[in-house]
Amino acid sequence: MTTPRRLLLVNGPNLNLLGTRQPEIYGRETLADVERITSDAAARFGLEVRAIQSNHEGVLIDAIHAARLDCAGIVINAGGLTHTSVSLRDALASVDLPVAEVHISNIRERERFRHFSYIEDVAVVHVIGEGVPGYARAVERLVEVISGRADG
Ligand SMILES: O=C(O)[C@@H]1C=C(O)[C@@H](O)[C@H](O)C1
């Protein structure tokens, strides 16, 4: 079976406000910039990106479930759900896909409640605190993982 030539990009709650939301923390790039940067990085490896952003946990979970049918991996910034959602973590663990966890800010240097990630142990790539360019870094590292799996 050939590996699908597609990644799922998931952005969680409040990331639709990128560009105006606390620019001192998240920068001035918009969600559209994030999706373009991610798509451009994936295209360098012949991959397309299906991008979803939602403020609703169940919508994100449904997209993750669907990705098991036609995606090779998942790049996710779960926003605040990173720190709260067992259900989102379980969805990622339920699909046999490599996951790259992205956070624009350095969550480990922010409020204590942001230091814990429910996603950390189900992701194989972690890009934290590298700003919006971190999404491209996550694609590059996830492709290495996907290639390794494909090579067996
Ligand atoms: O840095 C980020 O991209 C993450 C984005 C959010 O929306 C926060 O809730 C997280 O705590 C951090």
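The following paragraphs lead through the surroundings of the ligand and then through the packing of two helices. The model is predicted, so that local features need pLDDT of at least 70 and side-chain atom pairs count only at pLDDT 80 or more, while totals for chains, interfaces and linings use all residues. Residues are numbered from 1 along each chain as its sequence is written, and side-chain values use heavy atoms, with hydrogens and water left out.

Around the ligand (a heavy atom within 4 Å of it) stand Arg21, Tyr26, Asn77, Gly79, Gly80, His83, His103, Ile104, Ser105, Ile107, Arg110 and Arg114. This shell divides into 3 nonpolar, 6 polar and 3 charged residues, where Ala, Val, Leu, Ile, Met, Phe, Trp, Tyr, Cys and Pro count as nonpolar, Asp, Glu, Lys and Arg as charged, and the others, Gly among them, as polar. Polar contacts are pairs of N or O atoms within 3.5 Å: a polar side-chain atom of Ser105 lies 2.6 Å from an oxygen atom of the ligand, and a polar backbone atom of Ile104 is 2.8 Å from a ligand oxygen atom.

Helices here are DSSP runs (H or I, at least four residues), numbered from the N terminus. Helix α3 (residues 57-70) packs against helix α4 (residues 86-94) at an angle of about 5°, their axes being 9 Å apart; α3 and α4 are therefore roughly parallel to each other, a term for angles under 35 degrees. Where they meet (heavy atoms within 4.5 Å), Glu57, Leu60, Ile61, Ile64 and His65 in α3 face Ser87, Leu88, Ala91 and Leu92 in α4.

Notes. Polar contact = N/O pair within 3.5 Å; in protein donor to acceptor, adjacent residues only side chain to side chain. Axes fitted to C-alpha atoms, helices over the stretch in contact; angles between N-to-C directions. Helix = DSSP H or I, 4+ residues; strand = E, 2+ residues; numbered from the N terminus. Parallel < 35°, antiparallel > 145°, perpendicular 65-115°, else oblique.
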